[in-house]
Amino acid sequence: MNGSSQQKAQLGVGICGLGTVGSGAFNLLANNEAEISRKTNRHVKVVQVGCRRDHTDCDLSDVDVTRDIFDVVKNPAVDIVLELIGGTDIAMELVIAAIENKKHVVTANKALIALHGEKLFQMAADAGVCLKYEAAIAGGIPIVKAIREGLAGNDIEFVAGIINGTTNFILTEMESAGNRDFADVLAEAQALGYAEADPTFDIEGIDAAHKLTILSSIAFGVPLQFDAMYTEGISKITVEDIRYASELGFKIKHLGITTKTDKGIGLRVHPTLIQKDKMLAQVNGVMNAVLVGSDAAGETMYYGAGAGAGPTASSVIADVIDVVRAGNAIPDMGFLQDELLNSPVLAIEDVESAYYLRLSALDKPGVMAQISSILGRHNISIESLIQKDLHDGQVPVVIVTDSVIEKSMNAAIVELESLDQVEDSVTRIRVESF
Ligand code: HSE
């Protein structure tokens with residue numbers, strides 16, 4: 001039988017940032033000390049915490065607390081630095097300082113990895129330390145390990161996921177509460193603590209884009225390409241669209257989608273109609289889910305809490321354990337750095353998908369024929385169409401099309417909007433079959 005964890009060699013952990021994730025990591029290490037020791041043969045102990053203020057959920061009586069997070073990366077007793085402060089400026093300086101001081105780094109910072117990962121991974125490799133980031137994507141779901149290790153034998157075809165809990169919560173509430181509007185639901189999401197400090201990151205899809213940048217890279221062995229991403233948020237989605245989509249058998253979800261095609265890498269974040277009976281359509285509230293398509297395993301889906309103290313800490317501590325067990329044995333991004341594909345990211349105009357269109361037509365004879373004729377001229381087939389009741393002299397028309405290249409749809413929409421009988425702009429939401 002093994003001795004107590006205290007008798008084993010110590011692994012010193014320094015935590016930078018004691019917010020939701022930092023406090024969760026601190027408490028998880030304390031609560032599961034014995035289990036973690038049985039898995040690592042080390043006494044994994046928090047030796048220093050750098051934070052602006054103490055956290056009421058954490059008993060810090062036995063720990064060295066500093067208000068200067070840079071103390072932590074210089075502390076000789078710290079072997080692993082947990083960067084849990086978020087943001088990209090100070091966090092970047094902190095991670096660089098940690099690596100220069102030969103500390104392993106575990107981070108939950110998606111923006112940092114998506115924007116600066118390549119530089120940081122190279123620095124870590126040169127310094128012979130680890131840089132781990134499981135917690136950056138989908139909170140408690142071990143999706144990095146699933147793709148990078150579990151599916152390592154596969155040629156990955158696509159990754160499609162609900163990877164932002166806030167937008168999923170808002171869309172779910174808008175759907176279930178019927179007539180609640182967007183601003184009202186966002187206020188509740190903020191009050192519940194799901195949203196980013198700047199909720200624009202959630203609502204406009206930037207948070208999901210950071211996460212998808214990393215997923216695309218580990219799935220296909222391509223560089224981190226945040227700047228090439230097509231990003232669209234949910235701020236224009238109306239309760240009306242959710243209701244019409246439902247009548248047609250769909251739910252609206254905010255998806256991150258990355259695909260590998262002969263022409264390049266698809267990399268896009270946008271609201272998407274998916275059929276109600278698909279697995280991703282069943283993912284509600286703040287939950288996340290990632291569907292991976294691969295040549296041998298087929299489709300596998302990973303579901304769980306995408307945020308919160310416990311789930312995110314679960315991924316942070318798994319990385320700490322990985323550092324002890326495996327060190328740098330597995331390439332950070334799954335592929336060897338000099339084997340990355342230089343595959344271009346497809347412009348959104350070159351991506352193919354089906355579409356949901358909503359437009360407001362004047363109640364005049366021949367208008368439906370004109371709409372069909374424009375779509376037909378652009379080789380766009382109508383899959384289904386509903387015409388709602390006359391309201392203020394206008395008829396809402398909702399169409400779901402077959403799959404078409406986006407540039408054809410753009411051209412058709414310009415023509416539809418130029419019709420005298422069509423009021424305002426045409427709403428368009430992509431439809432996918434995941
Ligand atoms: N704001 C993020 C979300 C937190 O809503 O998913 C987790 O990354």
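## A buried glutamate and its neighbours

Let's start with one contact: a polar atom in the side chain of Glu-134 sits 2.9 Å from the backbone nitrogen of Lys-145. This comes from a predicted model. The Glu-134 side chain has a second contact of this kind, with one of its polar atoms 3.0 Å from the backbone nitrogen of Ile-143. To place Glu-134 in the chain, look at the loop that runs between strand 6 (131-132) and helix 6 (143-150).

Is Glu-134 buried or exposed? Its relative accessibility is 2%, so Glu-134 counts as buried. Leaving out residues up to four places away in sequence, Glu-134 touches Ile-141, Pro-142, Ile-143, Val-144 and Lys-145, and also Ser-315 and Asp-319.

## Two aromatic pairs

Now for the rings. A pair of aromatic rings is described by two things, the distance of the centres and the angle of the planes. How many aromatic pairs are there here? The count comes to two. One of them is Phe-121 with Tyr-133, an edge-to-face pair with 5.6 Å from centre to centre and 65° between the planes. Phe-121 belongs to helix 5 (residues 110-127), while Tyr-133 is in the loop between strand 6 and helix 6, so to find both you move 12 residues along the chain. Phe-121 and Tyr-133 are both buried.

Then there is Phe-158 with Phe-434. Their ring centres are 4.9 Å apart and the planes meet at 40°, so this pair is tilted. Phe-158 is in strand 7 (residues 156-162) and Phe-434 is in the segment after strand 17 (422-431), so the pair ties together parts that are 276 residues apart in sequence. Phe-158 has a relative accessibility of 11% and counts as buried. Phe-434 is buried too, with a relative accessible area of 15%.

## The parallel sheet

Time to look at strands. In a sheet, strands pair through backbone hydrogen bonds, and they can do that either parallel or antiparallel. Which order do the six strands of the open sheet follow? They go 3-2-1-4-5-6, and the pairing is parallel. At the edges you'll find strand 3 (64-66) and strand 6, each of which pairs on one side only.

Further in, strand 1 (residues 10-16) pairs with strand 2 (residues 43-50) in the parallel sense, over seven bridges. If you want a spot to zoom in on, try Gly-14, whose bridge partner in strand 2 is Gln-48.

## Strand 13 and its partners

Strand 13 (residues 352-362) is another good place to stop, and it is mostly covered, with nine of its 11 residues buried. Which way do strand 13 and strand 17 pair? They pair in the antiparallel sense, over seven bridges. In this pairing, Ala-361 stands opposite Val-422 of strand 17.

Strand 15 (residues 394-401) also runs antiparallel to strand 13, and seven bridges join them. Here Leu-362 has Gln-394 in strand 15 as its bridge partner. Strand 16 (residues 404-405) is joined to strand 13 by two bridges, again antiparallel. Look for Glu-352, which has Ile-405 in strand 16 as its bridge partner.

## Helix 10

Helix 10 (residues 206-220) is made of 15 residues. From first C-alpha to last, helix 10 reaches 21 Å, close to the 21 Å expected at 1.5 Å a residue. How many of the residues in helix 10 are buried? The number is 14 of 15, so to speak mostly covered. Just after helix 10 comes Gly-221, which takes a positive phi of about 70°.

## Cysteines without disulfides

How many disulfides does a search of the whole structure find? It finds zero. Cys-16 is in no disulfide, and the nearest cysteine sulfur is that of Cys-51, 9.6 Å away. A disulfide would need the two sulfur atoms within 2.5 Å. Cys-16 is buried, with a relative accessible area of 0%.

Cys-58 is in no disulfide either. For Cys-58 too, the nearest cysteine sulfur is that of Cys-51, here 8.5 Å away. Cys-58 has a relative accessible area of 10%, and that makes it buried.

Terms used
Residues are numbered from 1 along each chain as its sequence is written. This is a predicted model: local features need pLDDT of at least 70, side-chain atom pairs count only at pLDDT 80 or more; totals for chains, interfaces and linings use all residues. Side-chain values use heavy atoms; hydrogens and water are left out. Helices (H or I, at least four residues) and strands (E, at least two) are DSSP runs, numbered from the N terminus. The expected span of a helix is 1.5 Å times one less than its number of residues. Buried means under 20% relative accessible area, exposed over 50%, partly exposed in between (1.4 Å probe, protein chains only). A polar contact is a pair of N or O atoms within 3.5 Å; within protein, one must be able to donate a hydrogen and the other to accept it, and residues adjacent in sequence count only if both atoms are side-chain atoms. Contact means heavy atoms within 4.5 Å. Rings of Phe, Tyr and Trp (its six-membered ring) pair if their centres lie within 6.5 Å; planes under 30 degrees apart count as stacked, over 60 as edge-to-face and the rest as tilted. Two strands pair if DSSP finds at least two bridges between them.
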